[in-house]
Amino acid sequence: MGAPPDPNTSMHFPHAELDASAAARLGRWIFPAFLDNPSCPWLRVLKDLYDDPRSFPSSLAPEAGLLLHALVRNLAPRRVIETGTYLGVSSLWIAAALDEAGAGELHSFDNFEAMTPGPWRPNPLATGRLESVTAAAARAGLADRVRYHPGNCPHALHQFFRDRAPRGDSRIELAFLDADHSFEGVRAEFRAIEPHLAPGGYLVLHDTSRLSGCDGPSRLVADLPQHAQGQYALVDLYTAPVNFGMVVLHRWE
Ligand SMILES: C[S@@+](CC[C@H](N)C(=O)[O-])C[C@H]1O[C@@H](n2cnc3c(N)ncnc32)[C@H](O)[C@@H]1O
């Protein structure tokens, strides 16, 4: 048996690379025509968010959003944690899937602070994000599925679980990590969440490939046994149209 293919090698995914150059050249995500459905409120709001120039490249690409949506729709978790709300794009993908499954709640954590332009964010972000993501969820018809939790992630997560644990109400079945991409930051989020992740639960990390420009998530995954209490099966996914990468961890013990 040879070595597994390197998911960063474009030869394995020639079509995705062609798409990547289109998105990168335009400097925006391309909302797929087959999702352009004005009669579906959450897709309408999602399309508006992708039309916002600030959504590129920091928001989850539509293709990666579809992947996350399908995962949540099929697994039908009762409680999901998200770190990194940003403009609310990934929140809508998750909350819509919970809604279609007919049950479940999303708790999304972000500091909602103003942001200056940077290499991965050419446009500045003003304050007022909490208000705008809350309004977007309401317009999408998903206000009952998602709660936003402002604050620094590890701290707000510990607080969230501390409040629920005494009631035996802290268990989660899926977490999506997309906030602080430094190694220390993502490890702190992982450590806050993992004690509450049910056996059989899933943890999804975004930005695990070299192209993402950050090494925190990939370092955590590479040395997972050092940082984790549980045992995990791991799937490293290539994401179109740009391979920022996604790793799915399935807790089996
Ligand atoms: C890449 S964006 C999230 C994108 C979002 N998941 C999506 O796909 O639509 C990262 C977000 O995490 C937030 N963030 C980064 N570090 C954080 C921390 N330590 N605590 C709280 N929020 C943080 C940033 O403010 C930003 O809104």
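## Working through the fold, starting at Ile94

Leaving aside its neighbours within four places in sequence, Ile94 is in contact with Leu68, Val72, Val80, Glu82, Leu106 and Phe176 (contact: C-beta atoms, placed from the backbone, within 7 Å). Everything here comes from a predicted model, where local features need pLDDT of at least 70, side-chain atom pairs count only at pLDDT 80 or more, and totals for chains, interfaces and linings use all residues. Residues are numbered from 1 along each chain as its sequence is written.

### Exercise 1: the core around Ile94

Task: work out how many residues the largest nonpolar core has, and which of them have the most contacts inside it.

Solution. Start with the terms. A residue is buried if 20 or more other C-beta atoms lie within 10 Å of its own, exposed if 12 or fewer, and partly exposed in between, with C-beta atoms placed from the backbone. A nonpolar core is then a set of buried Ala, Val, Leu, Ile, Met, Phe, Trp, Tyr and Cys residues joined through C-beta atoms within 7 Å.

Next, the count: the largest such core has 61 residues, and Leu68, Val80, Leu92, Ile94, Ala95, Ala175 and Leu177 have the most contacts inside it. Helix H4 supplies the largest share, 8 residues. Helices (H or I, at least four residues) and strands (E, at least two) are DSSP runs, numbered from the N terminus.

Finally, the background: in soluble globular proteins, nonpolar side chains tend to be buried together. Over the whole protein chain, 40% of the 253 residues are buried.

### Exercise 2: building the sheet

Task: find the order of the strands in the sheet, and say which strands sit at its edges.

Solution. Two strands pair if DSSP finds at least two bridges between them. Take E1 (residues 79–83) and E2 (residues 105–110): they run parallel, joined by 5 bridges. One residue to click on is Thr83, whose bridge partner in E2 is Phe109. To get from E1 to E2, the chain goes through helix H4 (residues 89–101), and this β-α-β crossover is right-handed (with the strands pointing away from the viewer, the path from the first strand over the helix to the second runs clockwise).

Now step outwards from E2. Its pairing with E3 (residues 146–150) is parallel too, again over 5 bridges, and Leu106 stands opposite Val146 in E3. Here the chain crosses through helix H5 (residues 129–139), in another right-handed β-α-β crossover.

On to the full picture: 7 strands form an open sheet with mixed pairing, in the order E3-E2-E1-E4-E5-E7-E6. The edges are E3 and E6 (232–237), each of which pairs on one side only. From one strand to the next, the twist averages 15° (axes are lines fitted to C-alpha atoms, for helices over the stretch in contact, and angles run from 0 to 180 degrees between N-to-C directions).

Back in the middle, E1 pairs in the parallel sense with E4 (residues 172–177) over 4 bridges, with Val80 opposite Leu174. Helix H6 (residues 153–164) packs on the sheet, touching E1, E2 and E3, and its direction makes about 145° with that of E2.

### Exercise 3: Asp110

Task: decide whether Asp110 is buried or exposed.

Solution. First place Asp110: this residue is in strand E2. Then count: 25 other C-beta atoms lie within 10 Å, so Asp110 is buried. Now look around: leaving aside neighbours within four places in sequence, Asp110 is in contact with Gly84, Thr85, Tyr86, Pro150 and Ala179. Glu82 is 28 residues apart from Asp110 along the chain, and their C-alpha atoms are separated by 8.8 Å.

### Exercise 4: backbone oddities

Task: say where Tyr86 and Asp207 lie, and which peptide bonds leading into Pro57 and Pro241 are cis.

Solution. Keep the usual case in mind: most residues other than glycine have a negative phi, and most peptide bonds are trans.

- Tyr86, in the loop between E1 and H4, has a positive phi of about 55°. It's buried, with 23 other C-beta atoms within 10 Å.
- Asp207 has a phi near 65° and lies in the loop between E5 (197–206) and helix H8 (216–222). With 25 other C-beta atoms within 10 Å, Asp207 is buried.
- The bond from Phe56 to Pro57 is cis, with omega near 0°; Pro57 is in the loop between helices H2 (41–51) and H3 (62–75).
- Ala240 and Pro241 are also joined by a cis bond, with omega about -5°, and Pro241 is in the loop between E6 and E7 (246–251).

Note on methods:
Two residues are in contact if their C-beta atoms, placed from the backbone, lie within 7 Å.
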